[in-house]
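Please look over the sequence and the model before reading on, and keep both at hand. The paragraphs below go from the whole chain to single residues.

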Amino acid sequence: MAFLLYLLLLLNAKFSNSLIPPSPKYYPSLKINSTRFDQELRNLWGPYHQRVDQNGLTIWLDRTSGSGFKSMRSYTSGYFGASIKLQAGYTAGVIACLYLSNNQALPGKHDEIDMEFLGQTNEEPYVLQTNVYMNGSGDGNLVGREMRFHLWFDPTTAFHHYAILWNPQEIIFLVDDIPIRKYKNRSPSTFPLRPMWVYGSIWDASSWATDNGRYKADYSYEPFIARYKDFKIFGCDASRNSSCHPATVSSTGTYGLSDTQHSVLRWVQRSYVIYYYCHDMNRDHTVTPECGGE
């Protein structure tokens, strides 16, 4: 039954890319001021493949290097977003991303919340992969919790806003203020609660990014470029006291989503999900006890 549902998700997403989601009727990104890149973020690696201009950021990958950035502070919860424009054409094997992590503070045992754009061939659209995992991959057994989407627009023609809402109760992924995935805190063993930093990067992931590594990065198309602007960082600073109230994205200011937001989320998942780890029969679901309840 789960396999049939998975096939239906694939077929529905493939043939419904002209559909536009209904309005969520609430736009949390408009409630948060944008910040300049140099106010909250800094270069992490690939400094010669990164350019800051007019409060925006351009990073690129060529055969010599990619580039990445990181927030100056760590957070225990918050809303973290940016408007991003991707490169058109052949980008197979290349990933541009925005994510939260504590990989440098906890190497081998880190937590991560990802929004990753998986590059594609000329014939296929980008895939947006969302992922959540805890306690890293130091033992070689990384347990990902991936949900992948096709988008209802072309992410190469204009900037669109992508955001992660993370608080002690839930993680919500949003695209242009439309909730696309909600991951609940069902157990401390399946939910990241340790402080994390904001990261972004562009890099070569040819071994797995496009069709499980079938298509590799082709550097005859270099440079591969990703543009970021309108950074929105509204979180509880891990270095300060615990009186900070965690961010939410509902119109009531409470945890969760409104009825309208829930309806939009369900609509998006019916129309655009192309992979969900809980429906993957090849996965070992003894290590993902939350499956069936997300």
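Of the 294 residues of the protein chain, what percentage count as buried? In this predicted model, 54% of the 294 residues count as buried, where a residue is called buried when its relative accessible area is under 20%. The overall dimensions can be read beside that value: for 294 residues a compact globule would have a radius of gyration near 19 Å, and the protein chain, with 18 Å, agrees with this expectation. Along its principal axes, the C-alpha trace spans about 50 × 45 × 45 Å.

Within these dimensions, the secondary structure of the chain comes to three helices and 14 strands. Of the contacts with a separation of 6 or more, 70% are accounted for by residues that lie 24 or more positions apart in the chain. Turning to the outside, the accessible surface comes to about 13,600 Å², and 52% of that surface belongs to carbon and sulfur atoms. The chain carries 27 positive and 27 negative charges, and the mean positions of these two sets are 5 Å apart.

The backbone deserves a closer look at some loops. Between strand 10, which covers residues 170-175, and strand 11, which covers residues 178-184, lies a loop that contains Asp 176, and Asp 177 has its place in the loop between strand 10 and strand 11 as well. Asp 176 has a phi near 50°, a positive value in a residue other than glycine, and for Asp 177, which is likewise not a glycine, phi is positive and near 70°. Are these two residues buried or exposed, or something in between? Asp 176 is partly exposed, with a relative accessible area of 27%, whereas Asp 177 is buried, with a relative accessible area of 6%.

A further backbone feature is found in the loop between strand 12 (196-204) and strand 13 (224-237), where Pro 223 has its place. The peptide bond that joins Glu 222 and Pro 223 is cis, with an omega of about -5°.

The cysteines come next. A disulfide is a covalent bond between the sulfur atoms of two cysteines. How many disulfides does the structure hold? The structure holds two disulfides, and when the bonded cysteines are numbered in sequence order, the pairing is 1-2, 3-4.

One disulfide is formed by Cys 236 and Cys 244, whose sulfur atoms are 2.0 Å apart. The torsion about the S-S bond of this pair is about -80°, and the disulfide is therefore left-handed. As for the burial of the two partners, Cys 236 counts as buried at 4% relative accessibility, while Cys 244, at 33%, counts as partly exposed.

The other disulfide joins Cys 278 to Cys 291, with a distance from S to S of 2.1 Å. Here the torsion about the S-S bond is about -90°, so this disulfide is left-handed. Both Cys 278 and Cys 291 lie in the segment after strand 14 (273-276), so the pair ties together parts that are 13 residues apart in sequence. Cys 278 counts as buried, at 12% relative accessibility. Elsewhere in the chain, Cys 97 is buried too, with a relative accessible area of 2%.

Key:
Residues are numbered from 1 along each chain as its sequence is written. This is a predicted model: local features need pLDDT of at least 70, side-chain atom pairs count only at pLDDT 80 or more; totals for chains, interfaces and linings use all residues. Side-chain values use heavy atoms; hydrogens and water are left out. Helices (H or I, at least four residues) and strands (E, at least two) are DSSP runs, numbered from the N terminus. Buried means under 20% relative accessible area, exposed over 50%, partly exposed in between (1.4 Å probe, protein chains only). A disulfide is a pair of cysteine sulfur atoms within 2.5 Å. The radius of gyration is taken over C-alpha atoms; the globule rule is 2.2 Å times the number of residues to the power 0.38. Contact means heavy atoms within 4.5 Å. Accessible areas come from the Shrake-Rupley method with a 1.4 Å probe; for residues, only the protein chains shown count as cover. Lys and Arg count as positive and Asp and Glu as negative; His and the chain ends are not counted. The place of a charge is taken as NZ of Lys, CZ of Arg, CG of Asp or CD of Glu.
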